[in-house]
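Colleague: I've got a model open on my screen and I'd like to learn how to read it. Could you walk me through it?

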Amino acid sequence: MQKSPQITASIQNMFSQSTAVLSQPSVATFERFEQRGGVQQAYIYVMVAAVVSALIAAFFALFHSEVTFFGQLFTRLILVPLGFAVFTGAVYYIGKALFKGTGTYAEVAYTFSLFFVPMSILGTLIGIIPIIGFLAAILIALANMYFGFLAVQSSMNIRTNGEALALLVLSGVAYFLVSLIVGGFLASLFIARAVLSGV
């Protein structure tokens with residue numbers, strides 16, 4: 001099935017915007033792009049990261065007995081966009097409710113996708129390297145916090161550093177709690193499947 005030319009052009013445009021955001025990180029750079037797209041473009045872009053990450057993780061699962069090809073494939077395809085949705089949703093709703101942010105969810109989703117996608121793919125690529133992958137994951141997490149700090153100020157129009165940082169921390173807590181719930185649910189499914197199959 002051939003990609004729509006419009007979708008392909010949109011992804012190419014977003015990739016060039018990601019390059020600008022990563023190479024010239026500032027609130028002004030994010031603001032330049034925050035209204036260039038909306039929720040649909042953001043999630044199409046995030047799905048690119050999910051598919052690429054899923055394929056990389058699934059391929060390298062063939063060399064590790066503790067994980068499975070399809071487990072890695074489907075987990076990434078589900079959890080990457082879900083994680084993005086939870087975190088950006090938390091940024092938007094907490095930002096509006098507690099910090100009087102004036103941005104729209106479309107601006108939050110689009111802005112965050114510009115750094116989330118390349119960093120997610122980079123994290124998956126480097127993550128396959130033992131030891132180095134762990135250290136790189138820490139650096140990527142710190143970089144994501146920095147880009148998120150700038151993106152919050154841009155997309156939610158929250159310019160006070162303390163408030164922007166507090167919003168990121170609260171959104172991170174919300175993301176962590178939802179991850180625990182989802183992780184617990186998925187773990188219970190795997191346990192139930194193992195019990196039923198007699199493994």
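Colleague: Let's start with burial: what percentage of the 199 residues in the chain is buried?

Modeller: Buried residues come to 37% of the 199. Keep in mind that this is a predicted model. As for the outside, the chain exposes about 11,300 Å², and 73% of that comes from carbon and sulfur atoms.

Colleague: How many helices and strands are there in the chain?

Modeller: You'll count 7 helices and 0 strands, so the pattern along the sequence is simply α-α-α-α-α-α-α.

Colleague: And what does the UniProt record list as "transmembrane region"?

Modeller: The entry, which is unreviewed, lists residues 42-63, 69-93, 105-122, 128-152 and 164-192. You can set those ranges against the model. Residues 42-63 are 91% helix and 0% strand, with the end C-alpha atoms 33 Å apart. Residues 105-122 are 100% helix, and there the end C-alpha atoms are 25 Å apart.

Colleague: How do I judge a single helix, say α3: what reach is expected for its 23 residues?

Modeller: At 1.5 Å a residue, 33 Å is expected, and α3 reaches 32 Å from its first C-alpha to its last, which is close.

Colleague: Which residues of α3 are buried?

Modeller: The general idea comes before the list. An α-helix has 3.6 residues a turn, so residues three or four places apart point the same way. In α3, the buried residues include Ala 42, Tyr 45, Val 46, Ala 49, Ala 50, Ser 53, Ala 54 and Ala 57.

Colleague: Phe 59 caught my eye; is Phe 59 buried or exposed?

Modeller: In between. Phe 59 lies in helix α3, residues 39-61. Phe 59 counts as partly exposed because its relative accessible area is 43%, and that label covers values from 20% to 50%.

Colleague: Which residues form the nonpolar patch on the surface?

Modeller: Phe 59 is one of them, along with Leu 62, Phe 63, Phe 69, Phe 70, Phe 74, Ile 78, Leu 79 and Leu 82; together they have about 900 Å² of accessible area. Helix α4, residues 69-99, gives the most to the patch, with 6 residues.

Colleague: Now the opposite case: why does Ser 171 count as buried?

Modeller: Because its relative accessibility is 0%, and anything under 20% is called buried. Ser 171 sits in helix α7, residues 161-197. Leaving out residues up to four places away in sequence, Ser 171 touches Phe 87, Ala 90, Val 91 and Ile 94.

Colleague: Last one: what share of the contacts with a separation of 6 or more joins residues 24 or more positions apart?

Modeller: That share is 71% for this chain.

Definitions and conventions. Residues are numbered from 1 along each chain as its sequence is written. This is a predicted model: local features need pLDDT of at least 70, side-chain atom pairs count only at pLDDT 80 or more; totals for chains, interfaces and linings use all residues. Side-chain values use heavy atoms; hydrogens and water are left out. Helices (H or I, at least four residues) and strands (E, at least two) are DSSP runs, numbered from the N terminus. Buried means under 20% relative accessible area, exposed over 50%, partly exposed in between (1.4 Å probe, protein chains only). Contact means heavy atoms within 4.5 Å. Accessible areas come from the Shrake-Rupley method with a 1.4 Å probe; for residues, only the protein chains shown count as cover. UniProt positions are given in the numbering used here, feature names are shortened, and annotations may be inferred rather than shown by experiment. Patches are made of residues with over 30% relative accessible area and no salt bridge: like charges are joined within 9 Å, nonpolar side chains (Val, Leu, Ile, Met, Phe, Trp, Tyr) within 5 Å. A salt bridge is a side-chain nitrogen of Lys or Arg within 4 Å of a carboxyl oxygen of Asp or Glu. The expected span of a helix is 1.5 Å times one less than its number of residues.
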